[in-house]
Amino acid sequence: MLTRAQYYKKVGEDVVCLLCPHKCRIGKGHRGICGARENIGGELYSLSDGYVTALAYDSIKKKPLSFFGEGEILSMGSFGCNFHCDFCQNYRLLDSDVDKKKIDDSEILELAKPSMGLAYTYNEPTVNFEMVKRLAGKIKDQGQLNVMVTNGYIDASPREELLGLIDAWSIDYKMPAELYPSVCGGREEVVLETIARAWERTHVEVTILLIPGRNTQEEVLRGMLEKLSAIDRNIPLHLSRYFPCYKSNIPTTALETMYRSYELALDYMDRVVLGNMPMRF
Ligand code: SF4
């Protein structure tokens, strides 16, 4: 379904999307960086609304949210992302050409009922803002929980709206500041701001995917941990093991690096969990 975007302004026949800090200026018939928003006839539309590419019951621990109760949550993804990480684990969901199913809100809401609620995940859900906002309101009306798994790259006004609806945020903190633009196509300070604003209001857990040579060097990781602990050292932190994926052929993170990073992280954060490990640590 074509849904008029909520956040944009018109500049002649172009539109400027105001949903995320990219502020894409989009000419008629073209899409923004995320691939999920298009200028149609001089107005901006969400192309992903009403489409799911993945729908599954997942353990809440897999989001990963280790400190937000127990149970399964219906997890849905659509398509589009405002980052371009070369190690993306869900790169098939970047494009609107992906296999997708048209679905009514009522079907999703019914499927969510036996679980904790609804998790917006798999692709980057902030670029599906209108659908997420609408469904999150209905999930709340059902007395259930909303969970957001995100890169945190969203502008302040739409973020505020989601903060009023989302009960738990799982936010990726991917890179040191100097690598965010080239590797992800974003800015570290926006992600840290989202973590801070969300943590003021609700439950947050942060994940750092440890990628050799990018964020595993002691000084680099210490720098990231300092910034995170400056928000609050009580934020749960997941250190996740990287495996080669998509366009990245950087070798898998060594187990020794995982254990060393865990010890180092405990200097800064009170709750640290290792993820993607061969056995429970
Ligand atoms: S949400 Fe998409 S279209 Fe809008 S500014 Fe971000 S990348 Fe561009």
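Q: What makes strands E2 and E3 count as a pair?
A: In this predicted model, E2 and strand E3 (residues 14-17) are joined by 4 bridges in the antiparallel sense. At least two bridges are needed for a pair, so E2 and E3, with 4 bridges, qualify. Val11 has Asp14 in E3 as its bridge partner, and Lys9 stands opposite Val16 in E3.

Q: Why are E2 and E4 called edge strands?
A: The open sheet has 3 strands in the order E2-E3-E4, and the pairing is antiparallel. Strand E2 (8-11) and strand E4 (25-26) each pair on one side only, and that makes them the edges.

Q: Which residue in the E2-E3 hairpin turn has a positive phi?
A: That's Gly12, with a phi of about 65°, in a hairpin that leaves 2 residues between E2 and E3.

Q: Why does Gly12 get its burial label, buried or exposed?
A: Gly12 has 8 C-beta neighbours inside 10 Å. The limit for exposed is 12 or fewer, so Gly12 counts as exposed. As for where Gly12 sits relative to Arg214, the two are 202 residues apart in sequence and 42 Å apart in space, C-alpha to C-alpha.

Q: What makes E1-E6-E5 an open sheet with two edges?
A: Its 3 strands come in that order with antiparallel pairing, and strand E1 (3-4) and strand E5 (37-40) each pair on one side only. E5 and strand E6 (residues 43-46) share 4 antiparallel bridges, against the two that a pair needs. Glu38 stands opposite Tyr45 in E6.

Q: How do you know which way E11 runs relative to E9 and E12?
A: The bridges give it away. Strand E9 (residues 72-77) and strand E11 (residues 117-120) run parallel and share 3 bridges, with Leu74 opposite Leu118 in E11. E11 and strand E12 (residues 145-150) are also parallel, joined by 4 bridges, and there Leu118 stands opposite Asn146 in E12.

Q: What does Leu118 have to do with the largest nonpolar core?
A: Leu118, Val147 and Val206 are the residues with the most contacts inside that core, which has 78 residues. Helix H2 (residues 129-141) gives the most to this core, with 6 residues.

Q: Why is this core said to lie between the domains?
A: Domain 1 (3-46) and domain 2 (51-275) both give residues to the core, so it lies between them. As a general point, nonpolar side chains in soluble globular proteins tend to be buried together.

Q: Which residues does Val147 touch?
A: Leaving out residues up to four places away in sequence, Val147 touches Lys63, Leu65, Ile73, Gly117, Ala119, Ile166, Asp167, Ala168 and Ser170.

Q: How do you know that domain 1 and domain 2 meet?
A: By contacts: 14 residues of domain 1 are in contact with 19 residues of domain 2. On the domain 1 side, the classes are 9 nonpolar, 5 polar and no charged residues. The centres of the two domains, taken over C-alpha atoms, are 24 Å apart.

Q: What makes a residue part of the shell around the ligand, and which residues are in it?
A: The C-beta has to lie within 6 Å of the ligand. The residues around the ligand are Cys17, Leu19, Cys20, His22, Lys23, Cys24, Gly32, Ile33, Cys34, Arg37, Asn82 and Val127. By class, the shell has 7 nonpolar, 3 polar and 2 charged residues. Cys counts as nonpolar and Gly as polar here.

Q: What makes the peptide bond between Lys63 and Pro64 stand out?
A: The bond is cis, with omega about -10°. Most peptide bonds are trans. Pro64 is in the loop between strand E8 (54-59) and E9.

Q: Why is Tyr122 worth a look, and is it buried or exposed?
A: Tyr122 isn't a glycine, yet its phi is positive, about 70°. Tyr122 lies in the loop between E11 and H2. With 22 C-beta neighbours inside 10 Å, against a cut-off of 20 or more, Tyr122 counts as buried.

Q: What about Asn276: why does it get its burial label?
A: Asn276 has 17 C-beta neighbours inside 10 Å. That falls between the 12 of exposed and the 20 of buried, so Asn276 counts as partly exposed. Asn276 lies in the segment after strand E16 (272-275), and its phi, near 60°, is positive in a residue other than glycine.

Terms used
Residues numbered from 1 in each chain as written. Predicted model: local features only at pLDDT ≥ 70, side-chain atom pairs only at ≥ 80, totals over all residues. Domains from an automatic or database assignment. Contact = placed C-beta atoms within 7 Å. Core = buried A, V, L, I, M, F, W, Y, C linked by C-beta atoms within 7 Å.
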